[in-house]
Amino acid sequence: MKAKKEQAKQLLYERKNFWKEASTEEVKRAFDFAVPYKDFLNKCKTERETVQWTEELLKASKFKSLPASKQSKRVYSVFRNKTIAMAVLGSEPLSAGFNMVAAHIDAPRVDLKQNPLYEDKSSATACMKTHYYGGIKKYQWVSTPLALHGIIIRTDGTILNISIGENEDEPVFIIPDLLPHLARKEQYTKTLGEAISASNMNLIFSGMMEPKTEEKEALKLYALQLLNQRYGIQEKDFISAELELVPATPARDAGMDSSMIVSYGQDDRICAYTGLQALISAMENKPKRTMIVYFSDKEEVGSQGNTGAQSVFLQDFIAALLAHNGESDSSSNLRKTFINSRVLSGDVTAAVDPNYPNVHELQNAVIFNYGVGISKFTGSGGKSGCNDANAEFVAEIIRIFDQAGVFWQMGELGKVDEGGGGTIAYILANLGAEVVDCGTGLMGMHSLYELSSKADLYSTYAGYQAFLISQ
Ligand code: MN
Ligand code: MN
């Protein structure tokens, strides 16, 4: 009987629940790890803020910006303030291959239009026109407090950083939703996707005007006067601005046991943060292989542009790293370097939601608290647009995770033909590297309140760390 039980244990595969199997020490570490993570989420609500925060941490950890003195084994490069790559050089030549965790730091949001401000006579308010960014469900962004983040480049070229709505004493902004009493025709007869139209997502900016004014556009003028007094800007300056509306609410613990975190922007800053912390904690280990962490921008809109993963930035960074390490930065050596390299495409995946288990095929879905999720492929339909990671590489990653005692699970994004999604995995695999998707499962991805588990957050960190230092 006992032998049979033992045999079944050997033959059957079962993923492990972190809370059930982890040591008391590990549980404590998982809770401790979540504290500064929440702080990071609150400070980094845009790609620019994430780059800035990351650069400060790197500087404090003795990283040098490239080009740097040849002695520096810790180097990084920022490009156009929206993307950053960082490396800890190994003792082996870089052309023998690096280990890289790649995550993206942009998140779905609502941007202000380039000429946003107008006076709305019907409501007697000054409003701002918006244009959403990435895959949002529009109904989630109305009737919720929003903060305004971003930059304005004034006509004289000076840069103004904006952040309004994060502190208790600062105002927040609202895109009002229609009251249910009057929504019968405007909304209830429509589909979920159509009920809130993008052109109805104007933000109430202000409502006052100068006393005794005779001005025609007194509301708009008052708003501009206010902006001019506070920031020295004029209406024209909006044209050269990037202003993003993000949820004003901070990251918080969730659940009676506080075992979860609810926050905006965990797609994909959870993988960015865990990748960065894994690198920082592994850097003292004197690794043989070079360890790299890369944060890309524009993933939510297709990774194009000069800060997206499809740009030349990453290749340029690796070329600069080769030169820094005294190796040839020829295009053939750069190609060879990528071909010898291994990448974890760190992006979040969908964890099973108790309200919608039917969109998953449960045997192949990521479940909260069972560790970091590995996805052999993403894409939609017949794996369309995916990077189908090679079985050899998947085996390597599992070996690394098992040896380090990392809690992990294999999961697809959803049921076949249910929908789909992509990551930057295929872009990096196109360069010749071995790449597999590996990230944290979230509930409510792309919403204002994405939910993660502290067990999975910690397991993602532990997995990235084991991978980065692996041979
Ligand atoms: Mn993502
Ligand atoms: Mn996403």
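**Figure 1. Charge distribution and overall fold of the predicted model.** The 50 positive and 57 negative charges of the chain have mean positions that lie 3 Å apart. The model shown here and in the following views is predicted. The chain contains 13 helices and 22 strands. Its radius of gyration of 24 Å is close to the 23 Å that the globule rule gives for 471 residues, so the chain is as compact as a globular protein of that length. The C-alpha trace spans about 85 × 60 × 40 Å along its principal axes.

**Figure 2. Burial, surface and contacts of the chain.** Of the 471 residues, 52% count as buried. The chain exposes about 22,300 Å², and carbon and sulfur atoms supply 52% of that area. Among contacts with a separation of 6 or more, 76% are between residues 24 or more positions apart.

**Figure 3. Coordination of the manganese ion (ligand 1).** The donors to this ion are His-104 (NE2), Asp-267 (OD) and Asp-347 (OD, listed twice), at 2.2 to 2.7 Å. Along the sequence, the donor residues follow the spacing H-x162-D-x79-D. His-104 belongs to strand β4 (residues 98-104), while Asp-347 lies in the loop between β14 (342-345) and β15 (349-350); the pair, 243 residues apart, links distant parts of the chain. The relative accessible area of His-104 is 2% and that of Asp-347 is 8%; both residues count as buried because each value falls under the 20% cut-off.

**Figure 4. Coordination of the manganese ion (ligand 2).** Asp-267 (OD), Glu-300 (OE, listed twice) and His-446 (NE2) coordinate this ion at 2.1 to 2.6 Å. The spacing of the donors along the chain is D-x32-E-x145-H. Glu-300 is found in the loop between β13 (290-296) and α9 (313-324), and His-446 in the loop between β21 (441-442) and β22 (450-453), so this pair ties together parts that are 146 residues apart in sequence. Glu-300 and His-446 are both buried.

**Figure 5. The bridging residue of the two manganese ions.** The manganese ion (ligand 1) and the manganese ion (ligand 2) are separated by 3.3 Å. Asp-267 coordinates both ions.

**Figure 6. Surroundings of Ser-375.** Ser-375 is placed in strand β16 (residues 372-375). With a relative accessible area of 5%, Ser-375 is buried. Apart from neighbours within four places in sequence, Ser-375 is in contact with Thr-349, Met-410, Gly-411, Val-436 and Asp-437.

Technical notes. Residues numbered from 1 in each chain as written. Chains lettered and ligands numbered in written order. Predicted model: local features only at pLDDT ≥ 70, side-chain atom pairs only at ≥ 80, totals over all residues. Heavy atoms only, no water. Donors = N, O, S within 2.8 Å, 3.2 Å for Na, K, Ca; no water. Helix = DSSP H or I, 4+ residues; strand = E, 2+ residues; numbered from the N terminus. Buried < 20%, exposed > 50% of the residue type's maximum accessible area, 1.4 Å probe, protein only. Rg over C-alpha atoms; globule rule 2.2 N^0.38 Å. Contact = heavy atoms within 4.5 Å. Areas by Shrake-Rupley, 256 points an atom, 1.4 Å probe, with all protein chains shown as cover. Lys, Arg positive; Asp, Glu negative; His and termini not counted. Charge placed at Lys NZ, Arg CZ, Asp CG, Glu CD.
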